[in-house]
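Grab a coffee and open your favourite viewer. Here are a few exercises to work through, each with a solution you can check by eye.

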Amino acid sequence: MNNSMNSSLVCLLCLCLITPAVAKGGESLPAPATTIALSDYPDAFFEDEEWSVGIDRLNGDYTYQGTNKKTGSEMRLSNGIVSGTKSRRVYTWNNKSTKYRITWQPTDRAFIRVQAFDGRGKELLNRLLTVVSP
């Protein structure tokens with residue numbers, strides 16, 4: 001093949017790659033769906049002016065790490081239970097009679113809701129935290 005034929009084939013190939021497919025009647029075909037793999041838990045640290053909270057997963061075990069930034073007290077809990085739906089996940093840990101719960105929506109990855117309840121179900125804490133580090 002001569003050089004002019006090579007460049008013609010290359011140009012034709014380029015046009016095929018960058019031109020969207022056209023169906024009968026001049027309508028564009030829909031673009032192929034792209035699948036994006038997302039973490040199945042809020043894999044980051046979240047905080048507000050008083051609290052810093054992170055979730056981690058090691059060998060299938062969800063752990064909770066929380067710090068009260070005003071007092072410096074820290075807590076690490078393991079054996080988190082996952083419930084909820086695919087679009088609104090709830091992670092729960094028990095520490096003696098206190099239940100810690102994080103609610104997270106994978107479509108809004110910048111926030112989590114952190115709640116704590118005493119043994120009678122009375123809400124002790126309810127905060128919306130913002131992501132600070134992935």
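The exercises below go from the overall fold to single residues and side-chain pairs.

Before you start, note that this is a predicted model: local features need pLDDT of at least 70, side-chain atom pairs count only at pLDDT 80 or more, and totals for chains, interfaces and linings use all residues. Residues are numbered from 1 along each chain as its sequence is written, and side-chain values use heavy atoms, with hydrogens and water left out.

**Exercise 1. Sketch the fold.**

Work out which pattern the chain follows along the sequence, and in what order the strands sit in the open sheet.

*Step 1.* Count the elements: there is one helix, and there are nine strands. Helices (H or I, at least four residues) and strands (E, at least two) are DSSP runs, numbered from the N terminus.

*Step 2.* Read along the sequence and you get α-β-β-β-β-β-β-β-β-β.

*Step 3.* Now lay out the sheet. Its nine strands run in the order β4-β3-β2-β1-β9-β8-β7-β6-β5, with antiparallel pairing; two strands pair if DSSP finds at least two bridges between them. The edges are β4 (74–77) and β5 (81–84), each of which pairs on one side only. From one strand to the next, the twist averages 25 degrees (axes are lines fitted to C-alpha atoms, for helices over the stretch in contact, and angles run from 0 to 180 degrees between N-to-C directions).

*Step 4.* Zoom in on two of the pairings. Strand β8 (residues 111–117) joins β9 in the antiparallel sense over seven bridges, and Ala116 has Leu125 in β9 as its bridge partner. Strands β3 and β4 are antiparallel too, over four bridges, with Gln65 standing opposite Arg76 in β4. The β3–β4 hairpin has five residues between the strands, and there Gly72 takes a positive phi near 85 degrees.

**Exercise 2. Place Ser133.**

Find which residues Ser133 is in contact with, leaving aside its neighbours within four places in sequence.

*Step 1.* Locate Ser133 in strand β9 (residues 123–133).

*Step 2.* Check its accessibility: Ser133 comes out at 28%, so it counts as partly exposed. The cut-offs are under 20% relative accessible area for buried and over 50% for exposed, with partly exposed in between (1.4 Å probe, protein chains only).

*Step 3.* Look for contacts, meaning heavy atoms within 4.5 Å. With those sequence neighbours set aside, Ser133 touches Ala44 and Phe45. Ala44 and Ser133 are 89 residues apart in sequence, yet their C-alpha atoms are 5.6 Å apart.

**Exercise 3. Classify a tyrosine pair.**

Decide how the rings of Tyr64 and Tyr100 are arranged, and whether each residue is buried or exposed.

*Step 1.* Recall what to look at: a pair of aromatic rings is described by the distance of the centres and the angle of the planes. Rings of Phe, Tyr and Trp (its six-membered ring) pair if their centres lie within 6.5 Å; planes under 30 degrees apart count as stacked, over 60 as edge-to-face and the rest as tilted.

*Step 2.* Apply that here. The structure holds four aromatic pairs. For Tyr64 and Tyr100, the centres are 5.6 Å apart with 40 degrees between the planes, so the pair is tilted.

*Step 3.* Trace the chain: Tyr64 is in strand β3 (residues 61–68) and Tyr100 in strand β7 (residues 98–104), 36 residues apart.

*Step 4.* Check burial. Tyr64 is buried at 2% relative accessible area, and Tyr100 is buried at 13%.

**Exercise 4. Follow the salt bridges.**

Work out which residues are linked with Arg127 in a network of salt bridges.

*Step 1.* Set the criterion: a side-chain nitrogen of Lys or Arg within 4 Å of a carboxyl oxygen of Asp or Glu. The structure holds four salt bridges.

*Step 2.* Take Arg127 and Glu49, whose closest N and O atoms are 2.9 Å apart. Arg127 lies in strand β9 and Glu49 in the loop between β1 and β2 (51–58), so this pair ties together parts 78 residues apart in sequence. Glu49 is exposed, at 58% relative accessibility.

*Step 3.* Add Glu50, which meets Arg127 in a salt bridge at 3.2 Å, N to O.

*Step 4.* Put the network together: Asp48, Glu49, Glu50 and Arg127 are linked.
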